[in-house]
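This report is written for someone who is meeting the structure for the first time. It moves through a loop, the ligand site, a helix and the charged pairs in turn.

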Amino acid sequence: MPESEQVKSEIKRRPVRSFVRREGRATAAQKQAMQTLWPVYGFEPAACGELDFQALFGRDAPLILEIGYGDGEALVDTAALEPGVNFIGAEVYTPGIGHCLIRIEQQVLSNIRLCQADAIELLNKNIPDAALSEIRLFFPDPWPKKKHHKRRIVNDSFTQLISRKLKIGGRIHFATDWAPYAEWAMDVFEACPTLENMAGARQYTPRPDSRTLTKFERRGQRLGQASQDLIYRTIP
Ligand SMILES: C[S@@+](CC[C@H](N)C(=O)[O-])C[C@H]1O[C@@H](n2cnc3c(N)ncnc32)[C@H](O)[C@@H]1O
């Protein structure tokens, strides 16, 4: 096969991801946090295989995964409020991870571990089945253009994957301020036979006060974009 054809077929084989790798510019404090705090709170999924939570946290406790935690505002707030719960954060954006590490250190938290990874790969390769009490997916990239809808993280294979990784009765909490994505997610979640809408079929959940108002959501509010929450639990 000519080299150019090989490159094309390689590109075709790559999985469609819900993010585009962008390094962004980390501040000096974020870079410093990556050097000094990452060894304490970070883990490398590729080196771990299936995760041993007792080894990772030094204890067994209910486990919550937040996907795409951004600067870690919601993740760190709830970890501080729920010291009896173990939290894993999966994010790909380095400056956000640095920011989150600084927040963890400021709050002196021991119940959070972070990885720099595609959450889909983390779920597939590192999280054992029925390990999670909850998955949080707040303001995932909405990919508004039709040609990019295939990049939306919420799709049928996502609902099948999370149904396996959550315990029976475990929850997926999704929030977005992009109305077409809220409708899309509602359709996808409602079509999954192992997920049950906790607010009743095809109902949004009123915004829980416990969900931190992040910089990202505040920006949407300034633009007049209302947030919608969807919460489902797994059923047999
Ligand atoms: C729009 S931001 C929202 C950040 C945060 N949840 C908030 O509410 O402020 C979406 C984030 O998801 C991250 N992301 C997208 N796809 C991801 C994936 N497959 N795994 C981990 N993080 C992902 C992006 O890097 C980005 O930081």
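At 25% relative accessibility, Asn-155 counts as partly exposed, because buried residues are those under 20% and exposed ones those over 50%. The model in which this value was computed is a predicted one. Asn-155 is found in the loop between β4 and α9, and its side chain makes a polar contact of 3.1 Å with the side chain of Ser-157. Although Asn-155 and Trp-184 are 29 residues apart along the chain, their C-alpha atoms are separated by 8.8 Å.

**The loop between β4 and α9**

Arg-152 also belongs to the loop between β4 (132–138) and α9 (156–165). Which side chain of opposite charge is nearest to Arg-152? It is that of Glu-183, 8.6 Å away, and Arg-152, although buried, has no salt bridge. The side chain of Arg-152 does reach the backbone oxygen of Pro-142, at 2.7 Å. Leaving aside neighbours within four places in sequence, the residues in contact with Arg-152 are Pro-142, Trp-143, Pro-144, Trp-178, Pro-180, Tyr-181 and Trp-184.

Phe-139 lies in this loop between β4 and α9 as well, and its phi is near 55°, a positive value in a residue other than glycine. Most residues other than glycine have a negative phi. A positive phi of about 55° is also found at Ala-130, which is not a glycine and which lies in the loop between α8 (119–125) and β4. Phe-139 counts as buried, with 10% relative accessibility, whereas Ala-130, with 40%, counts as partly exposed.

**The ligand site**

There are 18 residues around the ligand, and those that come nearest are Ser-18, Gly-68, Glu-91, Ala-119 and Phe-138. A polar side-chain atom of Asp-118 lies 2.9 Å from a nitrogen atom of the ligand, and a backbone N or O atom of Ala-119 lies 2.9 Å from a nitrogen atom of the ligand. On the oxygen side, an N or O atom in the side chain of Thr-214 is 3.2 Å from an oxygen atom of the ligand. Of the 600 Å² of accessible area that the ligand has on its own, the protein covers 92%.

**Helices α6 and α7**

In helix α6 (residues 73–81), the buried residues are Glu-73, Ala-74, Leu-75, Val-76, Thr-78 and Ala-79. The elements that cover these buried residues include β1 (63–67), β2 (86–91), α7, β3 (112–116), β4 and α11 (215–222).

Helix α7 (residues 94–107) contains Thr-94, which is buried, with a relative accessible area of 16%. The side chains of Thr-94 and Gln-116 are joined by a polar contact of 2.8 Å. With neighbours within four places in sequence left aside, Thr-94 is in contact with Glu-23, Met-34 and Gln-116. The C-alpha atoms of Thr-94 and Arg-22 are separated by 8.5 Å, although the two residues are 72 residues apart along the chain.

**Salt bridges**

A search of the whole structure finds 15 salt bridges. Three of the pairs are set out here, with the distance between their closest N and O atoms.

| Pair | Closest N and O atoms |
|---|---|
| Arg-17 and Glu-121 | 3.0 Å |
| Lys-165 and Asp-129 | 2.8 Å |
| Asp-229 and Arg-211 | 2.8 Å |

Arg-17 forms its salt bridge with Glu-121. Because Arg-17 lies in the loop between α1 (3–13) and α2 (28–36) and Glu-121 in helix α8, the pair ties together parts that are 104 residues apart in sequence. Arg-17 is partly exposed, at 27% relative accessibility, and Glu-121 is partly exposed, at 30%. These two residues belong to a network of salt bridges that links Arg-17, Asp-118, Glu-121 and Lys-125.

The salt bridge between Lys-165 and Asp-129 links distant parts of the chain, with Lys-165 in helix α9 and Asp-129 in the loop between α8 and β4, 36 residues apart. Lys-165 is buried, with a relative accessible area of 4%, whereas Asp-129 counts as partly exposed at 45%.

Are the partners in the salt bridge between Asp-229 and Arg-211 buried or exposed? Asp-229 counts as buried at 0% relative accessibility, and Arg-211 counts as buried at 4%.

Conventions: Residues are numbered from 1 along each chain as its sequence is written. This is a predicted model: local features need pLDDT of at least 70, side-chain atom pairs count only at pLDDT 80 or more; totals for chains, interfaces and linings use all residues. Side-chain values use heavy atoms; hydrogens and water are left out. Helices (H or I, at least four residues) and strands (E, at least two) are DSSP runs, numbered from the N terminus. Buried means under 20% relative accessible area, exposed over 50%, partly exposed in between (1.4 Å probe, protein chains only). Lys and Arg count as positive and Asp and Glu as negative; His and the chain ends are not counted. A salt bridge is a side-chain nitrogen of Lys or Arg within 4 Å of a carboxyl oxygen of Asp or Glu. A polar contact is a pair of N or O atoms within 3.5 Å; within protein, one must be able to donate a hydrogen and the other to accept it, and residues adjacent in sequence count only if both atoms are side-chain atoms. Contact means heavy atoms within 4.5 Å. A residue is near a molecule or strand if one of its heavy atoms lies within 4 Å of it. Accessible areas come from the Shrake-Rupley method with a 1.4 Å probe; for residues, only the protein chains shown count as cover.
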